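Here is my note on the model you sent round. Please keep the structure open while you read, and check each point by eye.

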Amino acid sequence: MSRLRPGIFRFALPALLFAAFICGRQFASAGAVTLTPEEQAAIATASTISRAFTGAAKLIRPAVVNIKVERRVAVRGFNDPLEFFSEMFGPGFPAFPRSQRLPSHQTQIGQGSGVIVDPSGYILTNNHVVGDADAIRVYLLDGRELPAELIGADPASDVAVIKVNADNLTTATIGDSDAIEVGEWVLAVGNPFGLDFTVTSGIISARGRTGMNVLEMEDFIQTDASINPGNSGGPLVNLRGEVIGINTFIFSGGSQAGNVGVGFAISSNMARSIMQSLISHKQITSSYLGLETQPLTQDLAEAFGLQSPRGALVQAVNKESPAEKAGIRRGDVVVRWGRRDIADDRQFRNLVTITTPGEPVDIEVVRNGSPLQLQVVLDASPPEIIIEGRSDRFLQNLGIQVTDLTPELAAEIGYEPSAFGVLVTVVDRNSPARRMGFQPGTLIMTVNGTEVHSQSELKNILGASECVKTFTLVFRNGDFLRRVTLSVN
């Protein structure tokens, strides 16, 4: 084998380095990636869209609050660890000293979100976040920590309003949820799992969801924006930063409650209406239309000239009611209310409830198979009802039968153990009570501001009808409160 002479390296090494340099330049030049004009334009478009998201987030985040609540709850079980044995073996059995006994109550800590909607400090959130809280504190994006007062809460819609006293508050704009479209981009803002002021994004998956059987009043926006525990009460906003929903619950596919792309928000129009009523009256005051509806089946839909069972079938129209004045008749099918298509009679009743009294509403009904455009103006409340007769016939003429509310009946109907009132068991068809919204299961809670806890108390108050000519009743259907005035002739 021949050897390479050392002198050759003096010439070969520089040549090799020069060749490597030239090849490297050519390789680098050949391997460089450049974007086409179309790709560069696409990136510019994406950057513009991204700025829309960041702009909406900048608008809404300072108006979002982290809510922490304290609830004092009773501890179930025996207060004294040896109390169980004392009951079994008699009072002589030893017991712990009082100082060593278990506490009868404990404090639970909860967390949620809210959004400031008024510079005076009103905050929209969920009833299930703050409804039964003993203490409420809110935390702002600027670092302030403030105590909050519960203004009102409505379990039927899961809407609640709290208030803080502070200056220089950033407020959110409440948008029009009737104007949203499926597929529209949205942001959900809140405090999931305690992670403050988190923003997630998605689209509107569906609107006008009802029949979820989680609330008495349902008008949900469905979204795939990530909503998790702690987001409840926070806003769902469009790319203009307007609140179009209040995040309230999620569907979870596993045992752990977490986002799986199916979240629900209360529509902003419903939330705004409930909020205004809670601020003004501390309770919900419903509008009065004056008709009764029933669900549509496929057979009924075909009989009334409809292709699908969507809408609310009018079963009865009260005389001299807003419905009668608008020209609505028995047998009409209400298929549109304002800008909303009616899915079923439950959604229709909810829309009526949140409509502002005195505001004209364009509606569409199907009559004898043909569409008909009408306009209705709701009253603030049902007209005063005149009841003939004295106390012994008052309830009969009102059209109801009542009984005492026992713990067993309360549990059977779904009322909490602390519920009070006189339970309505029967409501006569076409009676004044039925027109006012009484139904089996209604609780008559107060008469002229006095709580009633039994039939005898109710009848004693009504027995004053010889000298008292007007009665104001507050009654409850589920979690929905209503106030009516009755006059005795």
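**Notes on the fold and its details**

1. Start with the contacts. Among contacts between residues at least 6 apart in sequence, 63% join residues at least 24 apart. Keep in mind that this is a predicted model. The chain has 489 residues, and 43% of them count as buried. It holds 12 helices and 26 strands.

2. Next, the largest nonpolar core. It has 53 residues. Which members touch the most others? They are Val115, Leu124, Leu289, Trp337 and Phe348. Helix α5, residues 268–281, gives the most to this core, with five residues. There is also a second, separate core of 21 residues. Phe394, Ile444, Val447 and Leu486 are among its members.

3. Look at leucine 124 in the largest core. Set aside its neighbours within four places in sequence. Leucine 124 is then in contact with Gly114, Val115 and Val117. Its contacts also include Val159, Ala160, Val161 and Ile174. Gly233, Ile246, Ala271 and Met275 complete the list.

4. Now the aromatic rings. The count comes to six aromatic pairs. One of them joins phenylalanine 220 and phenylalanine 249. Their centres are 5.2 Å apart, with 65 degrees between the planes, and the pair is edge-to-face. This pair links distant parts of the chain. Phenylalanine 220 is in strand β10, residues 220–223, and phenylalanine 249 is in strand β12, residues 243–250. They are 29 residues apart. Phenylalanine 220 has a relative accessible area of 1%, so it counts as buried. Phenylalanine 249 is at 16%; buried means under 20%, so phenylalanine 249 is buried as well.

5. Phenylalanine 220 has another partner. Its ring centre lies 6.0 Å from that of phenylalanine 264, and the planes are at 65 degrees, so this pair is edge-to-face. Phenylalanine 264 sits in strand β13, residues 263–267. The two residues are 44 residues apart, and the pair again links distant parts of the chain. Both phenylalanine 220 and phenylalanine 264 are buried. Ring pairs link Phe220, Phe249 and Phe264 into a cluster.

6. Two lysines lie over ring faces. Lysine 68 lies over the face of tyrosine 139, at 5.1 Å from the ring centre. Lysine 163 lies over the face of tyrosine 122, at 5.6 Å from the ring centre.

7. On to empty space. How many cavities of 30 Å³ or more does the structure hold? It holds one. The largest cavity has a volume of about 40 Å³. Its lining includes Ser177, Ile180, Arg207, Gly208 and Asp219. Phe220, from the ring cluster, lines the cavity too, along with Ile221, Ser267 and Arg340. Strands β9 (198–209) and β10 each supply at least two residues of this lining.

8. Compare the second largest pocket. About 430 Å³ of space lies in it. Of the 20 residues that line this pocket, Asp178, Asn269, Ile354, Thr355 and Glu359 are the closest to its centre. Three elements give two or more residues to the lining: α5, α8 (345–354) and β18 (360–367). The largest share, four residues, comes from α5. Helix α5 is also the element that gives the most to the largest core.

9. Find alanine 56 in helix α2, residues 37–60. Is alanine 56 buried or exposed? Its relative accessibility is 1%, so alanine 56 counts as buried. Alanine 56 and glycine 241 are 185 residues apart in sequence, yet 4.4 Å apart in space, C-alpha to C-alpha. Leaving out residues up to four places away in sequence, alanine 56 touches Leu187, Asn238, Leu239 and Gly241.

10. Last, two backbone angles. Most residues other than glycine have a negative phi. Aspartate 158 has a positive phi, near 65 degrees. Aspartate 158 lies in the loop between β6 (149–154) and β7 (159–163). Asparagine 368 also has a positive phi, near 55 degrees. Its place is in the loop between β18 and β19 (370–377). Which of these two residues is buried, and which is exposed? Aspartate 158 is buried, with a relative accessible area of 5%. Asparagine 368 is exposed, at 76%.

Definitions and conventions: Residues are numbered from 1 along each chain as its sequence is written. This is a predicted model: local features need pLDDT of at least 70, side-chain atom pairs count only at pLDDT 80 or more; totals for chains, interfaces and linings use all residues. Side-chain values use heavy atoms; hydrogens and water are left out. A nonpolar core is a set of buried Ala, Val, Leu, Ile, Met, Phe, Trp, Tyr and Cys residues joined through side-chain atoms within 4.5 Å. Buried means under 20% relative accessible area, exposed over 50%, partly exposed in between (1.4 Å probe, protein chains only). Contact means heavy atoms within 4.5 Å. Rings of Phe, Tyr and Trp (its six-membered ring) pair if their centres lie within 6.5 Å; planes under 30 degrees apart count as stacked, over 60 as edge-to-face and the rest as tilted. A charge sits over a ring if NZ of Lys or CZ of Arg is within 6 Å of the ring centre and within 35 degrees of the ring normal. On a 1 Å grid over the protein atoms alone, a cavity is a set of points where a 1.4 Å probe fits but cannot get out, and a pocket is an open set with protein on both sides within 12 Å along at least five of seven lines; lining residues have an atom within 4 Å of a point. Grid points are joined across faces, edges and corners, and a volume is the space filled by probe spheres set on the points.
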